[in-house]
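I sat down with this structure to look up a few things and keep a record. The entries follow the order in which I went through them.

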Amino acid sequence: MSPIKAMTITTTSLVPIKRPLLALLIASLTISLSGCGMFFGDEGVFRNREGDYVKADNIPPLVLPAGKKSETMGELYPIPKITATDFGYDPTADDYEIPRPMPLSANLEQENVKIQRVGSESWILLNAAPGEVWPRIRNFLNVNTLAVSKADIGKGIIETSWLQFKTDLSTYDRYRLQIDQGVQPETTEIHITHMSVPVAEKPAPDMGWPRRSVNPEREKWMLDELAATLASETAEGGTSLLAQAIGGSVKANLGVAGNEPLMTIKLDRQRAFATLTYAAKRDGFTTFDTDTEAGLFYVHYLDPEEAKPGWFKRTFRIGLNPKAPTSPYTLAQLKTNMLTGDALEKAPRSDRDEEKILPDAPGYLIVVTGKEGNFVVRVRDPYGKRLTPHEARELLTILRRNLI
């Protein structure tokens with residue numbers, strides 16, 4: 001029996017269907033079969049129009065009559081060209097891949113005040129630009145009758161006059177407040193140095209400052225008082241235009257060198273590696289091993305959104321406590337096989353399937369080179385070879401977002 005006849009027999013064996021109803025069913029079936037193409041295909045009524053802008057033509061520029069001045073005519077919103085030094089530059093990208101804008105720091109909508117510590121160094125981190133913080137610090141000193149002997153807005157330095165604590169009249173004390181750009185954009189760091197001399201000595205106003213505070217307890221007192229005041233008050237002190245350039249650029253910048261995305265960190269070695277260690281354990285990163293002497297972090301990355309279990313796994317409670325990622329190789333094993341020196345700088349593009357020694361190594365290497373105060377951070381495959389610019393940009397962006 002042919003399939004058509006079988007369908008006819010099955011249909012007529014049910015409750016008889018009137019001709020109008022049968023015609024309606026046939027029409028519905030026809031629409032359902034062609035519905036996707038009719039409504040949502042490339043030629044459908046509700047087709048995807050997100051790429052239509054690439055078909056738009058340029059409007060010819062306005063031509064003024066002869067003798068008319070054209071100096072005021074120009075683009076209101078000019079779009080700068082992407083060059084080889086921009087973080088979004090990718091010579092291998094598809095024609096219509098638009099690079100994302102440079103990311104700003106997280107939680108810009110909420111002003112956070114924190115006291116950060118790395119080793120013996122402490123500072124206040126404020127989620128606001130230095131131009132907004134400078135007048136608030138000056139107001140704090142005025143309210144607490146701490147006279148200012150020097151204020152260099154260009155260098156971001158405020159020095160108090162000599163003072164005495166009522167609880168200890170055996171010394172003269174003074175403070176220096178250093179206001180710097182933070183690691184993240186639109187953030188400020190406030191470093192405080194305390195200095196004291198015995199009353200028997202007559203302190204000179206031009207005495208040099210020590211590298212670290214003479215009395216850490218009194219430094220901590222000023223740090224806590226200033227942080228508490230900045231956290232409790234509202235930012236109503238205005239903005240100092242002169243203070244906007246305090247500290248120069250941010251201490252962690254994203255850029256491109258040799259067609260490879262990278263990050264530069266302008267910090268001392270202890271803090272640079274401490275903040276990278278912190279960042280390499282957050283937002284999807286897991287650290288397998290580190291070798292700070294060699295400037296290497298062996299890490300794994302999994303997008304936190306992809307790691308979340310779907311509704312099926314949540315319903316049946318499957319994979320709610322996934323195991324931490326592991327690697328069959330140690331960092332010491334990978335170091336014996338990775339590129340070094342000039343070969344690392346000029347490394348070819350990663351092709352993990354072609355690796356014969358230590359094959360199928362998972363994860364990435366965070367490679368740190370450079371010198372004190374100017375470190376360069378790259379993300380490579382476990383063999384020290386380059387990632388695609390898109391992948392490197394994504395990973396470096398996440399790393400910088402978590403630097404402290």
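What follows is my notes on the whole chain, the pocket, two helices, two strands and two loops.

**Entry 1. Whole chain**

I note at the start that this is a predicted model. I counted secondary structure elements for the protein chain and got 10 helices and 13 strands. The chain has 404 residues, and 34% of them count as buried. I looked up the accessible surface, which comes to about 25800 Å². Carbon and sulfur atoms hold 56% of that surface. For contacts between residues at least 6 apart in sequence, I found that 60% join residues at least 24 apart.

**Entry 2. The largest pocket**

How much space lies in the largest pocket? I have about 660 Å³. I then listed its lining, which comes to 19 residues. E121, H191, R211, R212 and D268 lie nearest the centre of the pocket. Sorted by class, the lining has nine charged, seven polar and three nonpolar residues.

I also checked which elements supply the lining. Strands β2 (121-126), β6 (168-181) and β7 (188-198) each give at least two residues. Helices α4 (216-232) and α5 (269-279) also each give at least two.

**Entry 3. Helix α3**

I went to α3, residues 130-143, next. The helix has 14 residues and spans 20 Å from first C-alpha to last, close to the 20 Å expected at 1.5 Å a residue. The buried residues I wrote down for α3 are P130, G131, V133, W134, P135, R136, I137, F140 and L141. An α-helix has 3.6 residues a turn, so residues three or four places apart point the same way. With that in mind I marked V133, I137, F140 and L141, which are among the buried residues of α3.

What do the buried residues of α3 pack against? I found strands β2, β3 (148-152), β4 (157-160), β6 and β7, together with helix α4. Of these, β2, β6, β7 and α4 are also among the elements that supply the pocket lining. Just after α3, T145 takes a positive phi of about 50 degrees.

**Entry 4. Helix α10**

I repeated the check on α10, residues 389-401. This helix has 13 residues and reaches 18 Å end to end by C-alpha, close to the 18 Å expected at 1.5 Å a residue. Its buried residues are P389, A392, R393, L395, L396, T397, I398, L399 and R400.

I looked at H390 separately, since it also belongs to α10. H390 counts as partly exposed because its relative accessibility is 40%, and the buried class requires under 20%. The C-alpha atoms of H390 and E260 are 9.7 Å apart, with their places 130 residues apart in sequence.

**Entry 5. Strand β1**

Q116 is in strand β1, residues 113-118. Is Q116 buried or exposed? I have it as buried, because its relative accessibility is 13%. Leaving aside neighbours within four places in sequence, Q116 is in contact with E121, S122, W123, L125 and I404. One of these, E121, is also among the residues nearest the centre of the largest pocket.

R117 is in β1 too. R117 counts as partly exposed, because its relative accessibility is 48%. Not counting residues up to four places away, R117 touches S122, W123 and K220. R117 and R271 are 154 residues apart in sequence and 9.5 Å apart, C-alpha to C-alpha.

**Entry 6. Strand β13**

N374 is in strand β13, residues 374-380. At 32% relative accessibility, N374 counts as partly exposed. N374 touches I265, K266, L267 and T369, with residues up to four places away left out. I also checked T264: its C-alpha is 6.6 Å from that of N374, and the two residues are 110 apart along the chain.

**Entry 7. Positive phi in two loops**

I looked up two aspartates. D283 has a positive phi of about 55 degrees although it is not a glycine. I placed D283 in the loop between α5 and β10 (285-291). D283 is partly exposed, with a relative accessible area of 34%.

D360 has a positive phi near 60 degrees, and this residue is not a glycine either. The loop that holds D360 runs between α9 (341-345) and β12 (364-371). D360 is exposed, because its relative accessible area is 60% and the cut-off for exposed is over 50%.

Terms used. Residues numbered from 1 in each chain as written. Predicted model: local features only at pLDDT ≥ 70, side-chain atom pairs only at ≥ 80, totals over all residues. Heavy atoms only, no water. 1 Å grid on protein atoms, 1.4 Å probe; cavity = no way out; pocket = protein on both sides within 12 Å on 5 of 7 lines; lining within 4 Å. Points joined across faces, edges and corners; volume = space filled by probe spheres on them. Helix = DSSP H or I, 4+ residues; strand = E, 2+ residues; numbered from the N terminus. Nonpolar A, V, L, I, M, F, W, Y, C, P; charged D, E, K, R; others polar. Buried < 20%, exposed > 50% of the residue type's maximum accessible area, 1.4 Å probe, protein only. Expected span 1.5 Å × (residues − 1). Contact = heavy atoms within 4.5 Å. Areas by Shrake-Rupley, 256 points an atom, 1.4 Å probe, with all protein chains shown as cover.
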